[in-house]
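Here is a short report on a ligand site and two sheets. Have the sequence and the 3D view at hand as you read.

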Amino acid sequence: MRMYDLIRKKKCGGELSSEEIRYMINGFTDGSIPDYQMSAMTMAICFQGMNPRETVDLTLAMRDSGDVLDLSKIQGVKVDKHSTGGVGDKTSLALAPIVAALGVPVAKMSGRGLGHTGGTIDKLECFPGFTAELSEETFVHNVNTIGIAIAGQTANLAPADKKLYALRDVTATVDQMSLIASSIMSKKLAGGSNAIVLDVKTGNGAFMKELKDSVALAKEMVAIGTMAGKRMAAVITDMDQPLGSVVGNSLEVIEAIETLRGEGPSDFKEVVFALGAQMLVFAGKAAETAEAKSLMESAIADGSALSKFAEFVRAQGGDAAAVYDTSLLPVASQTLVVESPRDGYVHRILAEDVGIACMTLGGGRETKESKIDLSVGIRLRKKNADAVKRGEPLAVIYGNDAAKMEAARAKIAGAYEISDKPREKEAVIRQYIFPE
Ligand code: URA
């Protein structure tokens, strides 16, 4: 078999066999298939797509490219959560401690930023000393003792996806349904949990821009997980504007902490509660989602979710004092206000452009090797449907470099569409998808 022939076949719209997909993934993992051939293949997949059978084969080949975790040493029903990626999406940071405080073991693998979207591991590294590199032993120990551990994708958990994810990030091949579904599900299946709740983003800041494509992606992932014996649910959530009020690593950590104190923005809280309620039901902690949501309210009100977060940060080497005093987190000191050019109503905010503005400031990776600046970001002072006056702040930029801040200002000014007519606020929770 030759990779050249497989690239050619896919480029011409052919279907790859199970053996061909295994050959390609094994060769890419062991380095015998180089990055440039794999890049050509992912681009061919972007243009020609993959059918459901090819997507399942790709998922299983990537799952089997490394270890499959055995979480049987962790007591209780292990429920994992994963987002398809969005702008301002700091959901795991608030969700994990809330459900862990309610007795659901959180044994979670998370990723770094991808394209214009942020990643949980980068955000957690805002806590000085925090590490997401845990041995399997420490990972299991932390979940059993404090109820929560979040690890980066270890070298040996779906290593094929790890390599492919980094390659896609810098070759504009992220936003393809089969590639996203197989990437997420290969990690989730290797992660060893019993149930998985997916947050599938939809809208201009998501990899899937149209609701119908997000629904198709959700259905595909729910079907793959169900076939592999997992309990599955997906929630389609809005990404037609950034989630919450801030974008950027440390700013998002602060917003998650505010949410754990009961002070977070309502759209963000709604997403956290929709996903968390499903996790609590799967774990048998609540009979239905309304009961689960009131349990979540109580974990915030009695402070147990916030102290669980501090306990978790400490257990992974981070400075937990920053959970209670967020001025210890890195936030850029220079600010620049983006003003509204006119009176009107915010018609939409191009979330992807806000994500790109954050990358421009240094908050995301341009290449696989880029080092990111955790302190930069954007605070949105106006969101969809808000009324605004000329000269009023639309957003505030936090940065460390005047030229980059100016470039980000132009991007954000262009991301806001102001119209004369008021518009309705859209629901942040769009749809639930369960196995068919
Ligand atoms: N998250 C992932 O883990 N993989 C993708 O391809 C997109 C989002």
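Nine residues surround the ligand, and H82, T84, R168, S183 and K187 come nearest; a residue counts as near if one of its heavy atoms lies within 4 Å. This is a predicted model, where local features need pLDDT of at least 70 and side-chain atom pairs count only at pLDDT 80 or more, while totals for chains, interfaces and linings use all residues. Residues are numbered from 1 along each chain as its sequence is written, and side-chain values use heavy atoms, with hydrogens and water left out.

Some side chains make polar contacts with the ligand (a pair of N or O atoms within 3.5 Å).

| Side chain | Ligand atom | Distance |
|---|---|---|
| H82 | oxygen | 3.3 Å |
| R168 | oxygen | 2.9 Å |
| S183 | nitrogen | 2.7 Å |

How much of the ligand's accessible area does the protein cover? On its own the ligand has 240 Å², and the protein covers 97% of that. Such areas come from the Shrake-Rupley method with a 1.4 Å probe.

The ligand sits in the largest cavity. A cavity is a set of points, on a 1 Å grid over the protein atoms alone, where a 1.4 Å probe fits but cannot get out. To sit there, more than half of a molecule's atoms must lie within 2 Å of the grid points.

Two elements give two or more residues to the shell around the ligand: α8 (159–169) and α9 (177–190). Helices are DSSP runs of H or I with at least four residues, and strands are runs of E with at least two, numbered from the N terminus. The largest share of the shell comes from α9, with four residues. By type, the shell holds four nonpolar, three polar and two charged residues.

Now the sheets. Two strands pair if DSSP finds at least two bridges between them.

One open sheet has three strands in the order β10-β8-β12, with antiparallel pairing. Its edge strands are β10 (387–388) and β12 (416–419), each pairing on one side only. Strand β8 (residues 344–349) is joined to β12 by four bridges. Y345 has S419 of β12 as its bridge partner.

Another open sheet has four strands, in the order β6-β9-β11-β7, also paired antiparallel. β6 (246–247) and β7 (334–339) each have a single partner strand, so one side of each is left without a neighbour in the sheet. Two bridges join β6 to β9 (residues 377–380). There, V247 stands opposite I378.

Technical notes
Polar contact = N/O pair within 3.5 Å; in protein donor to acceptor, adjacent residues only side chain to side chain. 1 Å grid on protein atoms, 1.4 Å probe; cavity = no way out; pocket = protein on both sides within 12 Å on 5 of 7 lines; lining within 4 Å. Nonpolar A, V, L, I, M, F, W, Y, C, P; charged D, E, K, R; others polar.
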